[in-house]
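Trainee: Could we go through this model together, one question at a time, with each term explained as it comes up?

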Amino acid sequence: MITLAALATLLPFLAAFAGMLLGPWTSRLLGAAPPAAQAFGTADGAGRSGAGGPEAGELSKTSAEDTETPGTAGTSPEPEKTSAEAPTMPLPVSGPEPAAPARYAAGDSALRGLPRNGPALIACLPMAVATVLALIVAVAVWRHPGVRTGTLTLIPTGTIDIALGLRVDGLAALVALMVCGVALAVQLYSVAYMAEDRRYSSYAAFISLFTAAMLLVVYSGDLLVLYVGWEVMGVCSYFLIGHHWQERANSRAAVKAFLITRLGDVGFLIGIFVLGVGAGTFSIGGVLERLPDLPQGTVTAATLLLLAGVAGKSAQFPLHTWLPDAMAGPTPVSALIHAATMVAAGIYVVARLYAAFAASAAALTVLGVLAVISMLGSALAALAQDDLKRVLAYSTISQLACMAAGLAVGAPAAAIFHLVAHGAFKALLFLAAGSVIFVTGSGLLRRHGGLRRAMPVTFWAMTIGYAALVGLPPVSGFFSKDAIVGAAWHAAAHGERPAHLPGGVAWLICLALLATVAVTAAYATRAWLMTFFGEPRAAFPAREAPPLMTWPVAALAVPAALLGFFGLGAPELRPHPLSALLSLLAAAAGAVAVYLVWNRDPAADPAGGLGPLRRVFERGFYLDEVYAALVVRPVRAAARAVLAVDRRGIDAAVVGVAGRSRRAGGLLRRTQTGDVQTYLTGLLAGVVVIAVGVVVLL
Amino acid sequence: MHAAYPVVVAALLFSVGVYGVLARRNAILVLMSVELMLNAVNLNLVAFDVLWRDRLHGGQVMTLFTIVIAAAEIGLGLAIVLLVFRNRRMIEVDRLRTLTEQTAPAGEETPQEPRRPAAAAAREGDTA
């Protein structure tokens, strides 16, 4: 069991190094097209204006029929028909048919090229094996529940040993299975999505490394080993956000994400030390065992410090600002790291050490209040975002806050249930959004529209995803979110909450959850309507994404739809009639409101109904500006002051010393006349002085 | 014979030689002064050889060595003087001042730190 878990963790790790070192070599070994064909082509994301390099011509030879026919057949009749219905719309039909960009051809041929694509094989095959292993582990744990631990070795440190070991229980097995499944889908999807990218090899390797780190976090039996995985995830996130570092904004977003999560991680590490030193061991089982003996102050300090790391990693207020900017990374990265797995790691750690958090009133209160602020604020911010990925990013913050709220009201099972369901449906939403971006060439909602008929698979998958996000029965999100809302309701109304949680906070959480459900329904409806309904707002050949991208999306739609029924087995996860009714009413209110606004003018953005608040929401309540004023500017001023001190004080001192020694040397230089006889006179004088000195003194 | 006589003569000879080396302007005369100093040493060697009745006559042998070396040295010196004369048409020692430290360019003499970037100033400090 432990061996299987260790193998599942090691496989992506080895795949990462193999992919990094041997990827292109494997391609050549398998007889793929010479790398020159892949070396051209523009990067995707903001920079993918891909008019096509030399590869466009070469690849269109093989797949000309595939790309051209659906493009022309799909678009030309549609705008004609719709223009009759709404003639006021700006329509793209007047000009010639926009040429299919080169990325279509590359994406379509990615599936055929997969058996010869070395980096993709190195990334996908170990991932598939790891998924199977995680599935075996999960099934075994499900059949025979219980905690299994295994230790490879103890690392002596002089005081408290670090156990290099794993700890598999139901929680870990479930989350690991979710991680592996999403990672596998993302790896397959990326093969097509990144087909044009010249750095695909390192991209796939970093995703493998990330997956290994996440599995280490999930399976780890020791807090410090967990922290290793935690940090490796952070650095992989940094590299992948900045994958298209040619754009200044992307590398800045990567640095921002890295710095802000690092800020939280400092607290996290110190929290681990406090907890570990207090308990006398770093192993999770040992810490949980000795928890009752720890003084209250230690537990409170440790959990509050851990919460800092959790807030950084899980993008909770006040450290959430990096997540919307992290959308600069490629979309599959956002799906894997910034939606399904890494940001869920914070929630997972809280659930893993739940006994410690439940024992501290301050930690639970802080967790609950942060969750309330995060979920409602970011849901409102999502309502006004213009970029589809940023909508989903704010939605991720909001949903993670729901999980945190579930933890705060004493329902860790519900929170983890929502974590897994959210991992499935948010990865689905991101990958489907990636398909939309791949086809339209833009992430902006106001350039989408009318994609329902052209992209049926994406449309239905995304509909399921949005339904799960909103919490409509019978898809997974309904069950998981209702478990949290029900738990919050019970905590508030019936007092069935952790002994340390104040009643007011419970009420606050309950009301905020209901409000969030309404706002979630509103922004999901807005994004859904603006993407798939109405008229196309920009010129692009409407077509379905490449098969290698639609398949993972369709495959993820299955768990996103059906995962909820697994919760029926546990009594605390069954829907509560009252809370379910309340949240459905709230969701309906939000969705209907947006629909009514949209229906008045389908061409406009429903967010226009927010009036002056729209700008505030779109900027995320100006938190970035506030941080810029409170933190960035003082730090910059301090840096400038340090620079000035360095230049005027330290540098000037060094340079001054140099100048003064040179001037002193200039005095000695006067004696260097070039007259040999003077030198000899000096020499003789010296000899005489020494001789006299010797004679006199001795 | 008292030891003072040859020693005083040698000291006088040596002093004359030192004076010649330090004060004469003509290179040939400087070389001759060097010879005077060498011969002062030779005189001492011979005198003390006799005075101490050295059985192996180390002093005299040493003197022969010195004479040979002096001959070689004067040959070399005269050759150099000849070349200098051919090049410069003069052999005045005090005018052969090519070994003088060249005065640096004016800008380097007084570096202006405040106006220049710190890096450039630091680099200059390294090379200086």
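Trainee: What is the mean pLDDT of chain A, and which stretch falls below 50?

Mentor: This is a predicted model, in which local features need pLDDT of at least 70, side-chain atom pairs count only at pLDDT 80 or more, and totals for chains, interfaces and linings use all residues. Residues are numbered from 1 along each chain as its sequence is written, while chains are lettered from A and ligands numbered from 1 in the order in which they are written. With pLDDT being the predictor's confidence in each residue, from 0 to 100, 89% of the residues of chain A reach 70 or more, and the mean is 80. The pLDDT is below 50 over a stretch that has 92 contacts in the model beyond near neighbours in sequence (a contact puts two C-beta atoms, placed from the backbone, within 7 Å), namely residues 34-99 of chain A.

Trainee: How many helices and strands does chain A have?

Mentor: Both are DSSP runs numbered from the N terminus, helices being H or I over at least four residues and strands being E over at least two. Counted in this way, chain A has 27 helices and 2 strands.

Trainee: Why is helix α15 of chain A described as largely enclosed by the rest of the structure?

Mentor: A residue is buried if 20 or more other C-beta atoms, placed from the backbone, lie within 10 Å of its own, exposed if 12 or fewer do, and partly exposed in between. In α15(A), the buried residues include A:Met342, A:Tyr348 and A:Arg352. The helix, residues 342-352 of chain A, is largely enclosed because its buried residues number 11 of the 11.

Trainee: What percentage of the residues is buried in chain A, and what percentage in chain B?

Mentor: Chain A has 698 residues, of which 53% are buried. Chain B has 128 residues, and the buried part there is 11%.

Trainee: Which residues of chain B does UniProt list as "transmembrane region"?

Mentor: Chain B has 5 helices and 0 strands, and two of the listed spans can be described further. Residues 6-22 of chain B are 100% helix, with end C-alpha atoms 24 Å apart, and residues 64-85 of chain B are also 100% helix, with end C-alpha atoms 31 Å apart. The UniProt entry is unreviewed, and its annotations may be inferred rather than shown by experiment; with positions in the numbering used here and feature names shortened, it lists residues 6-22, 29-52 and 64-85.
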